[in-house]
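Work through the exercises below with the structure open beside you. Try each task before reading its solution.

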Amino acid sequence: MEIKLKCIECDKSTEDGVTCRCKCGGLLDVVLDLDSLRGKVSKELFNSRLGSRKFPYMSGVWRFRELINPLLSEREIVSRPEGNTNLYRHERVGQYVGIKNISLKHEGENPTGSFKDRGMTSGISEAKRLRMNVVACASTGNTAASLAAYASLAGMKSVVFIPEGMIAFGKLSQAMAYGAKVLQIKGNFDDAMSLVQESSHELKMYLLNSINPWRIEGQKSIIFELIQQFDWEPPDWVVVPAGNLGNTSAFGKAFYELAELELIDKVPRIASIQATGADPFYRTWKGNLPGLKAVKNPETIATAIKIGNPVSWKKALRTIKLTNGLVEEVTDQEIMDAKAIVDGSGIGCEPASAASVAGAKKLRDAGVIDKNESVACIITGNILKDPDATINYHLSKLKEISPRFANKPTVIEPTIEAVRKEIS
Ligand SMILES: *Cc1c(COP(=O)(O)O)cnc(C)c1O
Ligand SMILES: [Zn+2]
């Protein structure tokens, strides 16, 4: 079995498995040998591993190991295990969005509370294969939390670059607690991202942002697992929040490979949803521009997608083209109201995750998605990641947002009369 790391710009393959860019500056793709995989993988094989307690198949990533990293031996796999996240349906969500057949795949159920664990188990395992000791990333929070946990699990040192004062406390506390060296950069995510690229190259740290092609390979498993949960009959749409565009990139690659391997016979349309204040990919796609139109000072309450210069935009654009997909944007008001609906249905998510549901609603309202189509929204992160945003929404304390679904606590005297008055 051969695996190539191939440049998406100049098509050359690289020998050096450690750097994340081609000599020409282009991003790298893991190119699986699909011809040799064709006879080896099947729906039956993957289904037979469902519910397995055997390492590494109890992981929702490594159950698909042939399509993630066929080179890894079992000793090299570092797994919590991750994945096996649930699909939720709720009438209230369906009514709010205006689509009956809508399900939410809750990636916040991963070990550190976001889908980043799927990319990280893959990235850290490859780091182990390459015998790296120090790993690094820039992060709006969840990548840092995930990297810190997986590095400690693997006995590696981790260094995380985060924009000072701009990440949610749940995530910062995780990175510190799991033992990462936390560098707070006086700047935004994009500053942190360029600094980590320069430093990792200079200081020989293995870079584990989604610019690392193995992160993308791991995140493909969101789609593999989703399609398996749909009994290998894909929905019409997959809707995903979009920041640095790793997921959007991974989803297109996953669908391409599933179709090539004849494991599915139709590819869903992917809708990639950005926040209005951090919408470089939307502007670029909408305007059909030749290069990325970066946003200088991205602003949104959804800190996980507060990114002005997304690294993976070219791979993401490939996904949109391949799947006949589209890019949409939603306001913070729409994000937080959608979050209140997801939360109030007992499902719960962090702000960025609700962009998928808000986006599905906007596309339904515009008639782009038909009310009879089937839609899967990706819920990217756990509700506990950012309690400040949730509480301030319900207390009407968010600037420029008037909560449509606020659920404010009441302060009462400690008497039964006071309780009766509130309850009746
Ligand atoms: C990282 C992250 C995103 C953005 O995903 P990209 O792959 O960078 O586009 C969205 N939501 C949450 C919760 C995240 O952690
Ligand atoms: Zn190149």
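**Exercise 1. A backbone angle after a helix**

Task: In this predicted model, find the residue just after α6 that takes a positive phi, and state what the angle is.

Solution. Go to the end of α6 and step just past it. The residue is G179. Its phi is positive, at about 100 degrees.

**Exercise 2. The surroundings of α6**

Task: List the buried residues of α6, then name the elements they pack against.

Solution.
Step 1. Pick out the residues under 20% relative accessible area. In α6 these are G170, K171, L172, Q174 and A175.
Step 2. Look for their neighbours. The buried residues of α6 pack against helix α5, strand β7 (157-163) and strand β8 (181-185).

**Exercise 3. How α5 meets α6**

Task: Describe the packing of α5 and α6: what are the angle and the distance between the axes, and which residues meet?

Solution.
Step 1. Locate the helices. α5 covers residues 142-154 and α6 covers residues 169-177.
Step 2. Take the geometry. The angle is about 25 degrees, and the axes lie 8 Å apart.
Step 3. Classify it. Angles under 35 degrees count as roughly parallel. α5 is therefore roughly parallel to α6.
Step 4. Assign the hand. The crossing is left-handed.
Step 5. Read off the contact. From α5 come N142, A144, A145 and A148; from α6 come K171, Q174 and A175.
Step 6. Sort these residues by character. The contact of α5 with α6 holds 4 nonpolar, 2 polar and 1 charged.

**Exercise 4. How α8 meets α9**

Task: Do the same for α8 and α9: what is the angle, which hand does the crossing have, and which residues make the contact?

Solution.
Step 1. α8 spans residues 213-229, and α9 spans residues 246-260.
Step 2. They pack at about 60 degrees, with axes 8 Å apart.
Step 3. That angle falls outside the parallel, antiparallel and perpendicular ranges, so α8 and α9 are oblique to each other.
Step 4. The crossing is right-handed.
Step 5. α8 contributes I216, E217, Q219, K220, I222, I223, F224 and I227. α9 contributes ten-odd positions, among them G246, N247, F251, K253, F255 and L258.
Step 6. By character, the residues of this contact are 10 nonpolar, 4 polar and 4 charged.**Exercise 5. The sheet with β1**

Task: Which order do the strands of the antiparallel sheet take, and which strands stand at the edges?

Solution.
Step 1. The sheet is open and has 3 strands, in the order β2-β1-β3.
Step 2. β2 (13-14) and β3 (28-31) each have a single partner strand, so one side of each is left without a neighbour in the sheet.
Step 3. Check one pairing. β1 (residues 4-7) and β2 are antiparallel over 2 bridges. K6 has S13 of β2 as its bridge partner.
Step 4. Add the helix. α8 lies across β1 and β3, at about 50 degrees to β3.

**Exercise 6. The sheet with β6**

Task: Give the strand order of the parallel 4-strand sheet, then say which helix packs on the sheet.

Solution.
Step 1. The order is β8-β7-β6-β9, and the sheet is open.
Step 2. β8 and β9 (206-207) are the edge strands, each pairing on one side only.
Step 3. β6 (residues 134-138) runs parallel to β7, joined by 5 bridges. C137 is partnered by V160 in β7.
Step 4. The helix is α7 (residues 189-203). It touches β6, β7, β8 and β9, and its direction makes about 155 degrees with that of β6.

**Exercise 7. Buried strands**

Task: How many residues of β11 and of β13 are buried, and which strands pair with β13?

Solution.
Step 1. In β11 (residues 269-275), 6 of the 7 residues are buried, so the strand is largely enclosed by the rest of the structure.
Step 2. β11 runs parallel to β10 (residues 237-241), with 5 bridges between them. Here P241 is opposite I273.
Step 3. In β13 (residues 375-379), 5 of 5 residues are buried. V375, C377 and I379 point one way; A376 and I378 point the other way.
Step 4. β5 (residues 102-106) pairs with β13 in parallel over 5 bridges, with L104 opposite C377.
Step 5. β10 also runs parallel to β13, joined by 3 bridges. V238 stands opposite A376 there.

Conventions. Residues are numbered from 1 along each chain as its sequence is written. Chains are lettered from A and ligands numbered from 1 in the order in which they are written. This is a predicted model: local features need pLDDT of at least 70, side-chain atom pairs count only at pLDDT 80 or more; totals for chains, interfaces and linings use all residues. Side-chain values use heavy atoms; hydrogens and water are left out. Axes are lines fitted to C-alpha atoms, for helices over the stretch in contact, and angles run from 0 to 180 degrees between N-to-C directions. Angles under 35 degrees count as roughly parallel, over 145 as roughly antiparallel, 65 to 115 as roughly perpendicular and the rest as oblique. A crossing is left-handed if the near helix is turned anticlockwise from the far one by less than a right angle, and right-handed if clockwise. Contact means heavy atoms within 4.5 Å. Ala, Val, Leu, Ile, Met, Phe, Trp, Tyr, Cys and Pro count as nonpolar, Asp, Glu, Lys and Arg as charged, and the others, Gly among them, as polar. Buried means under 20% relative accessible area, exposed over 50%, partly exposed in between (1.4 Å probe, protein chains only). Two strands pair if DSSP finds at least two bridges between them.
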